[in-house]
Amino acid sequence: MMSPSPWLPSALARIEADYHRSADTHLIPLPLPAFAAAGIDLYLKDESTHPTGSLKHRLARSLFLYALCNGWVHEGSTIVEASSGSTAVSEAYFARLLGLPFVAVMPRSTSAEKIALIEFYGGRCHFVDRAGDVYDAARAVAAETGGHYMDQFTYAERATDWRGNNNIAESMFTQMQRERHPLPRWIVVGAGTGGTSATIGRYVRFQMHDTQVCVADPAGSVFSAYHRTGDETLTAPGSRIEGIGRPRVEPSFIRTLVDRMEEVADDESIAAMRALSALLGRRVGPSTGTNFVAMLRLACEMRERGESGSILSLLCDSGERYLPTYHDEAWVQRVVGDCAAARSRIDALTV
């Protein structure tokens, strides 16, 4: 058996010290009087307050701890990830914390804002022409540098301790303890890797809670079709909602842990993002809009059946990251189209 290097305890201690410097993220009750009067309460757990500004901060921390404890990452290792979004930003943060080089492999079309965030934390961007090329390119960069490919799409579902250890599921249920309906009827999440839905789904079963998991899946994603059929060979065009939805079935998406899928059109995601931003008085990102659409659908069904209870989801990241894109009307009209009709439908439910 190989002895761990003296660097490993120092690396683990730095990550844990960084974790203990951060408070837990807030649970926000949504002011929706019509649903509240029917005994239905909606909440968002605000993951935008992590140091790197998104839910992916949790994933990056778990991936680093998993790789370190498996002996895959050593002093001087180059960290490589296939990501053009928030995971790359968060991994760049932890790589800098440990003094390690970081390379994000991403499509050439990635926004300048995301590239700037990765570079702010000392990361380097490696570009490919097609989104589907990121996986093999990341493996190649890791091999060339003698580094480690984190591979979020494979390891997201197993890097987090789903039984507790203050994971996102345990935090949710702890924060709900003094609410009117402390055990959520539904927890709604999006899926990019599938790691969050897997962690929550396993935790719910382990604790024997009467809570179901719903994945809000954007248009163009393969996950809904895979959930229905179980066919791992399926592919899809890919999602236009950044951070969630995938063109291929990812290893970390465990369909048996998801009770329900809700397919959400792009105009609905954007409209809900805008409505929720107005409701909270702050901008949220597009994947949070996708979640909100599914929450409202579930709440309407519960109200029609005369059921009471709570629905909990995630505020995945801040809308400030998307000012030139999803929060820009000209960009939305060009890429998504007119969202006015969808906004009217959402507004009718949030008064």
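**Exercise 1. Determine which residues His-148 touches, leaving out those up to four places away in sequence.**

Solution. Contact here means heavy atoms within 4.5 Å. By that criterion His-148 touches Ala-67, Trp-72, Val-73, Thr-78, Ile-79, Val-80 and Ala-142. The model is predicted: local features need pLDDT of at least 70 and side-chain atom pairs count only at pLDDT 80 or more, while totals for chains, interfaces and linings use all residues. Residues are numbered from 1 along each chain as its sequence is written, and side-chain values use heavy atoms, with hydrogens and water left out.

Next, place the residue: His-148 lies in strand E6 (residues 148–149). Helices (H or I, at least four residues) and strands (E, at least two) are DSSP runs, numbered from the N terminus. Then consider its accessibility: His-148 is buried, with a relative accessible area of 11%, because buried means under 20%, whereas exposed means over 50% and partly exposed lies in between (1.4 Å probe, protein chains only). Finally, His-148 and Ala-67 are separated by 81 residues in sequence but by 8.6 Å in space, C-alpha to C-alpha.

**Exercise 2. Establish the strand order of the open sheet that four strands form.**

Solution. Two strands pair if DSSP finds at least two bridges between them. The order is E5-E4-E3-E6, with parallel pairing. Strand E5 (124–128) and E6 stand at the edges with a single partner strand each, so one side of each has no neighbour in the sheet. Between E4 and E5 there are five bridges, in the parallel sense; Ala-104 stands opposite Cys-125 in E5. Across E3, E4, E5 and E6 lies helix H6 (residues 134–145), running at about 155° to E4. Axes are lines fitted to C-alpha atoms, for helices over the stretch in contact, and angles run from 0 to 180 degrees between N-to-C directions.

**Exercise 3. Test whether the end-to-end distance of helix H4 (residues 86–98) agrees with its number of residues, and describe its surroundings.**

Solution. The expected span is 1.5 Å times one less than the number of residues. For the 13 residues of H4 this gives 18 Å, and the end C-alpha atoms are 19 Å apart, which agrees. Eleven of the 13 residues are buried, among them Val-89, Tyr-93, Phe-94 and Leu-98. The cover over these buried residues includes helix H1 (7–20), helix H3 (56–69), strand E3 (79–82) and strand E4 (102–107). After H4 comes Gly-99, with a positive phi near 70°.

**Exercise 4. Characterise the packing of helix H11 (residues 266–280) against helix H12 (residues 286–304).**

Solution. Two packed helices are described by the angle between their axes and the distance between the axes. Here the angle is about 90° and the axes are 7 Å apart. H11 is therefore roughly perpendicular to H12, since 65 to 115 degrees counts as such, under 35 as roughly parallel, over 145 as roughly antiparallel and the rest as oblique. The H11 side contributes Glu-268, Ser-269, Ala-272, Met-273 and Leu-276; the H12 residues they meet include Phe-292, Val-293 and Arg-297.

**Exercise 5. Decide whether Leu-32 is buried or exposed, and identify its contacts.**

Solution. Leu-32 lies in the loop between strand E1 (27–29) and helix H2 (33–37). With a relative accessible area of 4%, Leu-32 is buried. Leu-32 touches Leu-42, Leu-279, Phe-292, Leu-296 and Thr-350, not counting residues up to four places away in sequence. Leu-32 and Val-351 are 319 residues apart in sequence and 6.7 Å apart in space, C-alpha to C-alpha.
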